[in-house]
Amino acid sequence: MSTIEIEYCVPCGFLDRALTVEEAICRQFADHLERVSLVMGDHGVFVVRVDDEVVFDKADDDFDVDDIVRRVRSHVVAR
């Protein structure tokens with residue numbers, strides 16, 4: 001079972017993005033997850049971690065929910 005952490009920038013208004021990613025991940029991998037957590041941040045952060053490993057960082061990648069789900073899949077289903 002994996003844990004997912006979605007850290008998002010509160011001042012930037014990224015809560016909607018975080019909720020969208022959370023819902024997509026839960027729909028796809030509910031049977032493989034122990035926990036999905038939303039973590040409030042600032043300074044433009046939007047990072048998705050699987051078991052403490054960064055799989056998506058807005059600073060390096062374009063925001064795409066489907067791509068984030070694919071990246072999560074490669075870590076969650078492989079276990």
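I take buried to mean under 20% relative accessible area. With that cut-off I went to strand β3 and found both of its faces covered. On one side sit Phe 46, Val 48 and Val 50, on the other Val 47 and Arg 49, and all are buried.

**Entry: confidence**

Before going further, a reminder to myself that this is a predicted model. I looked up the mean pLDDT of the chain and got 95, with 97% of the residues at 70 or more. Then I went through the elements. Strand β3 (residues 46–50) has the highest mean pLDDT, 98, and helix α2 (residues 65–76) has the lowest, 95.

**Entry: β3 and its partners**

Why do I call β3 largely enclosed by the rest of the structure? Five of its five residues are buried, so that is how I put it down. The split over two faces is no surprise to me, as side chains in a regular strand alternate between the two faces of the sheet.

Next I checked which strands pair with β3. Strand β1 (residues 2–9) pairs with β3 in the antiparallel sense, over five bridges. For a handle on the register, I noted that Tyr 8 stands opposite Phe 46. Strand β4 (residues 53–57) is joined to β3 by four bridges, and these two run antiparallel as well. Here I marked Val 50, which stands opposite Glu 53.

I also looked at the connection from β3 to β4. The two strands form a hairpin with two residues between them. Asp 51 in that turn has a positive phi, about 50 degrees.

**Entry: the whole sheet**

I zoomed out to get the strand order. The sheet is open, has four strands and reads β2-β1-β3-β4, with mixed pairing. β2 (33–41) and β4 are at the edges with a single partner strand each, so one side of each has no neighbour in the sheet. From one strand to the next I get an average twist of 20 degrees.

**Entry: rings**

How many aromatic pairs does the structure hold? I count four. I started with Phe 46 and Phe 56: their ring centres are 6.1 Å apart and their planes are at 75 degrees, so I logged the pair as edge-to-face. The pair links distant parts of the chain, with Phe 46 in β3 and Phe 56 in β4, ten residues apart. I get a relative accessible area of 0% for Phe 46, so that residue is buried. Phe 56, at 0% relative accessibility, counts as buried.

From Phe 56 I followed the rings on to Phe 63. The centres of these two are 6.4 Å apart and the planes stand at 75 degrees, so this pair is edge-to-face. Phe 63 has a relative accessible area of 29%, so I have it as partly exposed. Put together, ring pairs link Phe 14, Phe 46, Phe 56 and Phe 63 into a cluster.

One more thing at Phe 63: Arg 17 lies over the face of its ring, 4.7 Å from the ring centre.

**Entry: salt bridges**

I searched the whole structure for salt bridges and came away with six. Glu 7 and Arg 49 make one of them, at 3.2 Å from N to O. That pair also links distant parts of the chain: Glu 7 is in β1, Arg 49 is in β3, and their positions lie 42 residues apart in number. Are they buried or exposed? Glu 7 is buried, and Arg 49 is too.

Over in helix α1 (residues 15–29), I looked at Arg 27 and Glu 23, which are four residues apart and so separated by about one helical turn. They form a salt bridge, and the closest N and O atoms are 2.7 Å apart. Arg 27 counts as exposed at 66% relative accessibility, while Glu 23 counts as partly exposed at 44%.

Helix α2 has its own case. Asp 67 and Arg 71 meet in a salt bridge of 2.9 Å, N to O. Four residues separate them along α2, so they too are about one helical turn apart. Arg 71 is partly exposed, at 25% relative accessibility. I then traced the shared partners: salt bridges join Asp 61, Asp 67, Arg 70 and Arg 71 into one network.

Definitions and conventions:
Residues numbered from 1 in each chain as written. Predicted model: local features only at pLDDT ≥ 70, side-chain atom pairs only at ≥ 80, totals over all residues. Heavy atoms only, no water. pLDDT = per-residue confidence, 0-100. Buried < 20%, exposed > 50% of the residue type's maximum accessible area, 1.4 Å probe, protein only. Pairing = 2+ DSSP bridges. Phe/Tyr/Trp six-rings, centres within 6.5 Å; stacked < 30°, edge-to-face > 60°. Lys NZ or Arg CZ within 6 Å of the ring centre and 35° of its normal. Salt bridge = Lys/Arg side-chain N within 4 Å of Asp/Glu carboxyl O. Axes fitted to C-alpha atoms, helices over the stretch in contact; angles between N-to-C directions.
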